[in-house]
Amino acid sequence: MRTSGAGRVTLTAAGREVRVTGWVHRRRDLGGLMFIDLRDRSGIVQVSVGPDWSSPEALETVGALGPEDVIAVRGVVAARPEAARNPGMATGDVEVQATELEVLNRARTPEIPVYLPPEEELPSEKLRLRHRVLDLRRRDLQSRLALRHRLMLAVRNYFDSRGFLEIETPILTKPTPEGARDFLVPSRVHRGEFFALPQSPQIYKQLLMIAGFDRYMQIARCFRDEDLRADRQPEFTQIDVEASFVDPEDIYGWCEGLMEELAAVAGIEARTPFARLTYHEAMERFGCDRPDLRYDLEIRDFTSVMGELESHILRSAVAGGGRIRGFGLGGGARLSRRQILGLEAAAKAAGAPGLLWAKITEDGATGPLGRFFRDDTRARLGVAAGDLLVAAAGLDRTTSPALDATRAAAIEALALPRVTEHAWLWVTGFPVFEETGDGSLAANHHPFVQPHPADAHLLDSKPLAVRGLAYDLVYNGTELGSGSIRMHDAELQTRILSLLGLEPEEITAKFGFLIRALGSGAPPHGGIALGVDRLVSCFSGGGSLRDVIAFPKTTAARASFEGAPSPVVAAELSALGISVDDGK
């Protein structure tokens with residue numbers, strides 16, 4: 001039906017007849033001459049319809065065309081006059097002079113526009129998700145999904161060339177605690193029993209290592225029943241990697257090589273080797289475990305200086321085992337009181353009771369913190385006139401997230417310059433455990449992380465001090481992936497699960513198949529999972545993950561276009577042995 005994609009008609013085809021098909025992007029009437037911008041996935045080409053070259057039927061048809069009508073055009077490629085050329089289009093040097101024009105399908109008036117003049121804003125995301133098929137016709141979304149395809153093709157080729165096998169793992173699997181809620185699937189055959197959709201292929205890829213497959217990869221669909229944010233979806237895709245007889249350096253090398261290749265596809269920079277920070281260093285210097293290193297702004301410990309000031313808040317924080325940390329913002333004294341309150345609001349939203357600050361002047365300092373300064377305080381803190389000093393006092397678990405949020409707000413408020421456009425980072429040495437609100441232990445990454453050999457003796461006495469052989473890959477402040485070396489010893493795995501509060505019967509019920517497999521001769525192994533949606537989002541300019549997924553869910557976990565989830569008739573529920581409690 002067509003000899004060329006609309007976006008591939010160039011001057012090399014001048015004088016030749018072509019047949020192009022697609023959608024009416026827009027139509028312009030210049031009296032006796034009509035122009036159509038014809039669009040398909042490859043791009044847009046201008047079609048001209050005029051009495052000198054078009055059939056009478058084409059002249060009659062073109063006047064009735066509406067936006068998004070599907071048409072076929074037969075015509076001759078001609079060079080545009082110099083004054084009419086459009087250097088902003090791949091096809092801007094040519095037009096197709098239509099001899100014949102056929103309507104393949106009419107479109108109703110679009111609920112949202114596909115063609116928008118540059119000065120107009122897009123409709124709301126809610127409306128665009130409801131009419132997703134129309135929204136997906138926009139060049140912006142199509143180019144992101146095309147990039148996603150090219151990146152995934154490169155992933156498969158990269159790992160194939162290094163001896164990895166792509167092996168599919170089950171979608172219907174066993175419910176296991178991996179940190180988020182499972183999506184449960186009732187079994188009709190085994191009434192009262194349930195499958196779970198996998199939160200990740202974690203256990204299966206470990207089983208594949210025990211089975212001797214040595215190097216595995218999969219572009220895997222995963223599911224987590226958790227609250228949504230801009231960077232979360234209930235179903236997502238990850239590049240899943242596992243290999244036997246490896247240490248972290250092997251994983252770092254493979255991943256850095258992969259990022260180099262993917263970055264080349266996307267046209268961005270990935271210089272190797274990537275920077276590295278331990279978890280402790282990242283939390284100390286940036287207040288979070290995924291710092292954005294594009295900006296040269298680090299948290300400093302002011303306790304030794306500020307702890308001496310005549311401030312009840314500061315002294316109480318230190319006496320309670322806390323510290324005083326913050327940073328000096330060069331030129332920050334120019335911020336208005338309203339802007340400073342914005343920084344404080346960011347700290348409070350992250351859980352801090354407030355934010356202390358001082359504007360540094362030639363004569364001393366002003367502001368809530370400045371009134372406590374002594375003659376030598378400014379020099380000891382290393383700040384100068386025109387700076388703004390901000391600080392948070394208390395325990396690290398409170399001040400670290402607050403200062404992380406304040407740092408992000410300060411970068412925006414001051415429009416701080418970037419020291420690089422592409423900041424790659426490995427964060428290593430994560431703790432194996434974290435403490436929950438009730439004082440019990442939870443897995444920091446997941447329950448299968450190998451403890452660092454140097455810390456194994458602390459498992460019973462100081463479990464929170466035990467580091468794991470775990471690592472995260474971070475790009476411009478976004479966690480792209482997380483991985484670890486796994487436990488391959490059945491006894492150690494059982495011990496870790498016990499420390500996490502699982503009783504022996506529960507361990508057998510939930511993880512007995514893994515423990516049995518580990519006992520059959522498991523090799524040392526490890527891997528990583530890289531988020532495809534985040535990767536494509538970062539490489540295509542950021543924004544919501546919904547912009548890089550063809551049919552995403554809303555923040556209310558609904559599929560707006562399809563109308564899912566939806567009620568199920570009573571007979572279908574009955575066949576599954578399920579009844580619905582309406583909550584009344």
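Strands here are DSSP runs of at least two residues, numbered from the N terminus. The model is predicted.

**The barrel**

Five strands form a closed barrel in the order E1-E2-E3-E5-E4. The pairing is mixed. From one strand to the next, the twist averages 55°. Strands of a sheet pair through backbone hydrogen bonds, either parallel or antiparallel. Both kinds of pairing appear around E3: it runs antiparallel to E2 and parallel to E5.

| Strand pair | Direction | Bridges | Facing residues |
|---|---|---|---|
| E2 (residues 33-40) and E3 (residues 43-49) | antiparallel | seven bridges | Met34 opposite Val49 |
| E3 and E5 (residues 94-105) | parallel | two bridges | Ser48 opposite Gln97 |

A hairpin connects E2 to E3, and two residues make the link. How many of the seven residues of E3 are buried? Six are, so E3 is largely enclosed by the rest of the structure. Buried here means under 20% relative accessible area.

**Arg80, a buried charge**

Arg80 sits in the loop between strand E4 (70-79) and E5. Which side chain of opposite charge is nearest to Arg80? It is Glu95, 5.2 Å away. A salt bridge needs a side-chain nitrogen of Lys or Arg within 4 Å of a carboxyl oxygen of Asp or Glu. Arg80 is buried yet has no salt bridge. Its side chain does reach a backbone oxygen, that of Ala84, at 3.0 Å.

The surroundings of Arg80 can be listed by residue. Leaving out residues up to four places away in sequence, Arg80 touches Gln46, Arg85, Asn86, Met89, Thr91, Gly92, Asp93, Val94 and Glu95. Of these contacts, Gln46 falls within the residue range of E3 (43-49). Val94 and Glu95 fall within that of E5 (94-105).

**Helix H15**

Further along the chain is helix H15, residues 532-539. Seven of its eight residues are buried, so H15 is largely enclosed by the rest of the structure. Which residues of H15 are buried? They are Val532, Asp533, Arg534, Leu535, Val536, Ser537 and Phe539. Two of the names, Asp533 and Arg534, belong to residue types counted as charged.

What phi does Gly541 take, just after H15? The value is positive, about 110°.

Terms used
Residues are numbered from 1 along each chain as its sequence is written. This is a predicted model: local features need pLDDT of at least 70, side-chain atom pairs count only at pLDDT 80 or more; totals for chains, interfaces and linings use all residues. Side-chain values use heavy atoms; hydrogens and water are left out. Two strands pair if DSSP finds at least two bridges between them. Helices (H or I, at least four residues) and strands (E, at least two) are DSSP runs, numbered from the N terminus. Axes are lines fitted to C-alpha atoms, for helices over the stretch in contact, and angles run from 0 to 180 degrees between N-to-C directions. Buried means under 20% relative accessible area, exposed over 50%, partly exposed in between (1.4 Å probe, protein chains only). A polar contact is a pair of N or O atoms within 3.5 Å; within protein, one must be able to donate a hydrogen and the other to accept it, and residues adjacent in sequence count only if both atoms are side-chain atoms. Contact means heavy atoms within 4.5 Å.
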